[in-house]
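The following exercises invite the reader to study a structure step by step. Each task is followed by a worked solution.

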Number of protein chains: 2
Amino acid sequence: MTKMPRSNALVAHGGGPTAVLNASLAGIVEECHAQPGIATLYGAAGGAAGLIADALIDLSAEPIANWPAIAQSPGSVLGSSRQDLVDADFDQMTKLLQRHNIRYVFLTGGNGTMRMALRLSEACRARNYEAFVIGVPKTIDNDLYGTDHTPGFPSAARFFLHALKFIGSDNRALPGVTVVEVLGRDAGWLSAATLLAREQEDDAPHLVYLPERPLPFSRMASDVESVYRRLGRAVIAVCEGQLDENHEPFGADVRRTSRAPLALNLAHVLSMRLSKELGISARSEKPGLLGRSFASLASPVDLAEARECGRAAVRSALAGETAVMVSIERASNAPYQAVFGLVPIQDVSGRTRPFPEAWIPAHPTLASPDFAAWLDPLLGPIQTLGRLQQSPTPRQSG
Amino acid sequence: MTKMPRSNALVAHGGGPTAVLNASLAGIVEECHAQPGIATLYGAAGGAAGLIADALIDLSAEPIANWPAIAQSPGSVLGSSRQDLVDADFDQMTKLLQRHNIRYVFLTGGNGTMRMALRLSEACRARNYEAFVIGVPKTIDNDLYGTDHTPGFPSAARFFLHALKFIGSDNRALPGVTVVEVLGRDAGWLSAATLLAREQEDDAPHLVYLPERPLPFSRMASDVESVYRRLGRAVIAVCEGQLDENHEPFGADVRRTSRAPLALNLAHVLSMRLSKELGISARSEKPGLLGRSFASLASPVDLAEARECGRAAVRSALAGETAVMVSIERASNAPYQAVFGLVPIQDVSGRTRPFPEAWIPAHPTLASPDFAAWLDPLLGPIQTLGRLQQSPTPRQSG
């Protein structure tokens, strides 16, 4: 906007952090530095709470040399929040923007954050304050409309895929039943991704359940029994948001949140019930927050795209866009190439993108080839497990 | 043993796998290939069970090209077992050795496996069968006597240290109380290792409990309350084998095993009790088996030493040693250098090496500097977290 005098910019994070959220922030910072139209870039400390309390950090003053390490770190160096917002909060935020001459606003997050971006742009318009509000996509759950995938998801998928591979190796060596809880709330993207851990027919995960389908406990028990009878072991991946046929989390302890109730010990409850039902000892693993923070396994594609989403957001704001979200569009699958576009936030906010019906496995062992082809280029290098060439069933010698 | 005709060798794994157990196996394989005194190297499928059932795999026939990938993979390509053994089993094993002309026996594992090695060497002597039985150390718990540390432990320490770092980043961004369960049974080595995740005073883990000290729940609750009052958040690392002042696991569900009872949901139970006691919402993470299988974070020192332990075992057997365990001796700490020695298995088996009294933190936040200096060279590169140079407490602007 060459017609405008130099203005300030602001960035805030919403919702749970990811392994690449700080990479998006670094992208915003570097593009703001490159744009003469932007004077100071502020960061809101603690997400929306910082915008309401006027708790800003001057990111333009942060030494350039610090950003490469920040971009590789999980969490959010600005903090985040999950606050429910009321109209008065948006009045407060708009005043803050005016007071600090902030015209460019970047809100990085998922559905809740996009809804906030829409409401903030509306609040600015209602007060005749010209501001350019851009959504930057971010969620490990991959449940945002309007984008091929969301930054954060490929890294979480890469983590859980390796987690199931490694737990599978352990389970093959010392057999038993293991239930692994996978993040994703009520979207099965991450659970489905674990199916790509399988290199051979008898590899873990042996059963993968997606929250898009209610799961009667009796069906899970009979699936596990059948795998156990065949292999003498079973590794099961279950999404944290999985519900049974009564739409209950199998008797797990639950925390009430601003979103759907969150089961706290789903894998444990399932392992105890399986153990009792089948008379087999079973254990559970809950990598939990590691799924969204395990920076050592961040996907290189994801890191690069997250950063580029940040840069694209700044360029879009300066081009006069508002109430839009940066989107990733897949230009080509092999070789993988993405371009960055914009979608109206109106089309994104308040909806959740389900895992496609066509990709839901007919059997909890089978990844849809289309889903695998879609996911594969996003993951980056995947460790192949070494194996003996000889049959895993030893020859009886002597 | 140049005086002996060519004989065969055998390797078996015992107990839980690690990220580097297959590296020890690769070391044994490559050294057996290099030794003209050894004809065929067999692997026992499924640990002791394979030795009893005569289920052997011809490892000499395995293509050399497969070993580099196997050496980098977690689990155990031979399988393992936790079987309790009786005298008749050792008769059976000795017969198997005789039948296959196996003179060199390598048993890789922890305390239970070393006890098996001792009994097998005694059974051979009782039958006048000349065999050379060598123990190869392996346990993530680091509770073996006679060695500076055990292969498997540095990699598990590196994993948990990063896990606490990453969970700490997430917790800093979106504050709350998180209880993380750490492996280690009744030895605090791995829990203590997480203290090295702290770069700054307010970093996670904020509280670390070692099973060497009973922990009244009331004390944990008051520790957490005090951290939470100061920082508004708290990350707690608790060993899976932690007991309260009544020597009970805080009401956790327990599985009876051949070793001490194993709590199955300790972190969850603690988080629920903390939540209730302090009126703060709390969650739990249980990386569980990932702690011993996360090959992506295997320590380079650990991988190299595990392999060298395997090689040293073969050389020792051919030099006529028996009923000894390969040990790692620290020749120098800075720069770190290790040499490989031998200890009588008699001095190792049936004991567990506790975490040193002098290194137990006086306060659950403070790592002993001596412990840190001891552990640091074993870990390999540790990711440093990027941070804003500015105060984490934002300036009130405007």
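**Exercise 1. Find the bridge partner of B:Leu207 in S8(B), and describe the sheet around it.**

Solution. The model is a predicted one.
- Step 1: B:Leu207 has B:Ile236 as its bridge partner in S8(B).
- Step 2: Strand S8 (residues 234-239) of chain B and S7(B) run parallel and are joined by three bridges. Two strands count as paired if there are at least two bridges between them, so S7(B) and S8(B), with three bridges, meet the condition.
- Step 3: The open sheet has four strands in the order S7-S8-S6-S11 (chain B), and the pairing is parallel. Strand S7 (207-209) and strand S11 (282-285) of chain B form the edges, each pairing on one side only.
- Step 4: On average, and with direction ignored, neighbouring strands of this sheet are turned by 20° against each other.

**Exercise 2. State which strands helix H6 and helix H8 of chain B touch or lie across.**

Solution.
- Step 1: Helix H6 (residues 153-173) of chain B lies across S6, S8 and S11 of chain B. The angle between H6 and S6(B) is about 170°.
- Step 2: Helix H8 (residues 217-231) of chain B packs on the sheet and touches S6, S7 and S8 of chain B. The direction of H8 makes about 160° with that of S7(B).

**Exercise 3. Determine whether B:Arg185 is buried or exposed, and which side chain of opposite charge is nearest.**

Solution.
- Step 1: B:Arg185 is located in the loop between strand S6 (177-182) and helix H7 (189-193) of chain B.
- Step 2: B:Arg185 is buried, and the nearest side chain of opposite charge belongs to B:Glu240, 4.6 Å away.
- Step 3: A salt bridge requires a nitrogen-oxygen distance within 4 Å; B:Arg185 has no salt bridge.
- Step 4: Beyond its neighbours within four places in sequence, B:Arg185 has contacts that include B:Arg82, B:Asp141, B:Glu240 and B:Arg259.

**Exercise 4. Describe where the partners lie in the salt bridges of B:Glu31 and of B:Arg99.**

Solution.
- Step 1: B:Glu31 and B:Arg315 form a salt bridge in which the closest N and O atoms are 3.6 Å apart. This pair links distant parts of the chain, 284 residues apart: B:Glu31 belongs to helix H1 (residues 21-34) and B:Arg315 to helix H11 (residues 300-318) of chain B.
- Step 2: B:Glu31 is buried at a relative accessible area of 6%, whereas B:Arg315 is partly exposed at 36%.
- Step 3: B:Arg99 and B:Asp54 form a salt bridge, with 2.9 Å between the closest N and O atoms. B:Arg99 lies in helix H4 (residues 87-99) and B:Asp54 in the loop between helix H2 (48-53) and strand S3 (56-58) of chain B, so the pair ties together parts 45 residues apart in sequence.
- Step 4: B:Asp54 is buried, with 9% relative accessibility.

**Exercise 5. Explain why A:Arg229 and A:Glu225 are separated by about one helical turn.**

Solution.
- Step 1: A:Arg229 and A:Glu225 are separated by about one helical turn because they are four residues apart in helix H8 (residues 217-231) of chain A.
- Step 2: Their side chains meet in a salt bridge (3.9 Å, N to O).
- Step 3: A:Arg229 is exposed, at 63% relative accessible area, while A:Glu225 is partly exposed, at 37%.

**Exercise 6. State how many salt bridges the structure holds over all chains, and the average pLDDT of chain A.**

Solution.
- Step 1: Over all chains there are 40 salt bridges.
- Step 2: A network of salt bridges links residues including A:Lys165, A:Glu199 and A:Arg387.
- Step 3: The average pLDDT of chain A is 94, and 97% of the residues score at least 70. Over residues 392-398 of chain A, however, pLDDT stays under 50.

Notes
Residues numbered from 1 in each chain as written. Chains lettered and ligands numbered in written order. Predicted model: local features only at pLDDT ≥ 70, side-chain atom pairs only at ≥ 80, totals over all residues. Heavy atoms only, no water. pLDDT = per-residue confidence, 0-100. Contact = heavy atoms within 4.5 Å. Helix = DSSP H or I, 4+ residues; strand = E, 2+ residues; numbered from the N terminus. Buried < 20%, exposed > 50% of the residue type's maximum accessible area, 1.4 Å probe, protein only. Lys, Arg positive; Asp, Glu negative; His and termini not counted. Axes fitted to C-alpha atoms, helices over the stretch in contact; angles between N-to-C directions.
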